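Open the model in your viewer and keep the sequence panel beside it. We will go from stop to stop, selecting a few residues at a time.

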Amino acid sequence: MALTLFVSAVFFILYTYAVYPVILLVLHSVSPRRTVPDGSKDLSVSIVIAAYNEEAVLRNKIDNLLRLQLDRGRSEILIGSDGSTDGTNEILRLIDDSAIRSKCFATRRGKAAILNDLVSESSGEVIVFSDANTMYDANTVRHLIRHFSDPRVGAVCGELIFTSKSKTV
């Protein structure tokens, strides 16, 4: 019994770290390359952010979002403050841009609850979730949403690159 358990454990470890990656490499090398059409101009997008005590990064995030290469008529930004106790709510109240809608919740309810509320108010065909401290390159969202012009695609994820505080990802 102990020998069977030991062999099984060794097999699963080897499978996870050796066999499975080899299977993925083989499948990747024999599968045909798909070209991704740029249907991003045809899709509307909502960028949704739940913020809790993000005063230190929120102004930079808003500036970063406004620099994204998106069609202003087909995009919206929704930011919800989750009962913040720093200057987050004041920053959100001072936003004077029609592309950004903000909502300040009086009590802390958690990130999932804030995101659910914001998504229910969004109008975009594609929802992009972001954190307040994640900065985007100007083309990031456009490159993400272009994949949705393929009806077989249901979700897309970008690559997170950690940099110094002064650089944009």
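## A lysine on a strand

Lys-103 is partly exposed, with a relative accessible area of 32%. The model you are looking at is a predicted one. Now add Glu-121 to the selection: its side chain meets that of Lys-103 in a salt bridge, at 2.6 Å from N to O. The pair links distant parts of the chain, since Lys-103 sits in strand β3 (residues 100-105) and Glu-121 in helix α4, 18 residues apart. Glu-121, too, is partly exposed, at a relative accessible area of 34%.

## Two more salt bridges

How many salt bridges does the count come to? The answer is nine.

For another one, select Glu-125 and Arg-74, whose side chains meet at 3.2 Å, N to O. This pair also links distant parts of the chain: Glu-125 is in the loop between α4 (111-121) and β4 (126-130), while Arg-74 is in the loop between α2 (55-66) and β2 (75-82), 51 residues apart. Glu-125 counts as exposed because its relative accessible area is 52%, and the cut-off for exposed is over 50%. Arg-74 has a relative accessible area of 31% and is partly exposed.

Next, pick Arg-109 and Asp-117, which form a salt bridge with 2.4 Å from N to O. Arg-109 is partly exposed at a relative accessible area of 39%, and Asp-117 is partly exposed at 25%.

## Helix α4, inside and out

Stay with α4 and colour its buried residues, Ile-114, Leu-115 and Leu-118. Turn the view until you look down the axis of α4: the buried residues fall within an arc of 95°, so they line one face of the helix.

What do the buried residues of α4 pack against? Show β1 (45-51), β2, β3 and β4, and you have their packing partners. Then rotate to the other side of α4, where Ala-112, Asn-116 and Ser-120 are exposed.

## A buried asparagine

Select Asn-89, which lies in helix α3 (residues 88-93). Is Asn-89 buried or exposed? At 13% relative accessibility, Asn-89 counts as buried, because the cut-off for buried is under 20%. To see what surrounds this side of the helix, show Ser-81, Ser-84 and Cys-104: these are the contacts of Asn-89 once its neighbours within four places in sequence are left aside.

## Two loops to compare

Move to Gly-87, in the loop between β2 and α3. With 16% relative accessibility, Gly-87 counts as buried. Draw a distance from its C-alpha to that of Glu-54: the two residues are 33 apart in sequence and 7.9 Å apart in space.

From there, select Asn-53, which has its place in the loop between β1 and α2. What is unusual to check in its backbone angles? Asn-53 has a positive phi of about 50° although it is not a glycine. Asn-53 is partly exposed, at 27% relative accessibility.

## The first helix and its aromatic rings

Finish at helix α1 (residues 2-30), and select Tyr-20, which has its place there. Tyr-20 is partly exposed, with a relative accessible area of 41%. Which residue does Tyr-20 form a tilted aromatic pair with? Show Tyr-15: the rings are 6.1 Å apart centre to centre, with 45° between the planes. Tyr-15 is partly exposed as well, at a relative accessible area of 32%.

The count of aromatic pairs comes to three. Add Phe-11 and Phe-12 to the two tyrosines, and you have a cluster linked by ring pairs.

For the last view, switch to a surface display. Phe-11, Phe-12, Tyr-15 and Tyr-20 are among the members of a nonpolar patch on the surface. To complete the patch, select Val-19, Val-22, Ile-23, Leu-24, Val-26, Leu-27 and Val-30 as well. Together, the residues of this patch have about 1000 Å² of accessible area.

Conventions
Residues are numbered from 1 along each chain as its sequence is written. This is a predicted model: local features need pLDDT of at least 70, side-chain atom pairs count only at pLDDT 80 or more; totals for chains, interfaces and linings use all residues. Side-chain values use heavy atoms; hydrogens and water are left out. Patches are made of residues with over 30% relative accessible area and no salt bridge: like charges are joined within 9 Å, nonpolar side chains (Val, Leu, Ile, Met, Phe, Trp, Tyr) within 5 Å. Accessible areas come from the Shrake-Rupley method with a 1.4 Å probe; for residues, only the protein chains shown count as cover. A salt bridge is a side-chain nitrogen of Lys or Arg within 4 Å of a carboxyl oxygen of Asp or Glu. Helices (H or I, at least four residues) and strands (E, at least two) are DSSP runs, numbered from the N terminus. Buried means under 20% relative accessible area, exposed over 50%, partly exposed in between (1.4 Å probe, protein chains only). Contact means heavy atoms within 4.5 Å. The arc is that of the directions from the helix axis to the C-beta atoms. Rings of Phe, Tyr and Trp (its six-membered ring) pair if their centres lie within 6.5 Å; planes under 30 degrees apart count as stacked, over 60 as edge-to-face and the rest as tilted.
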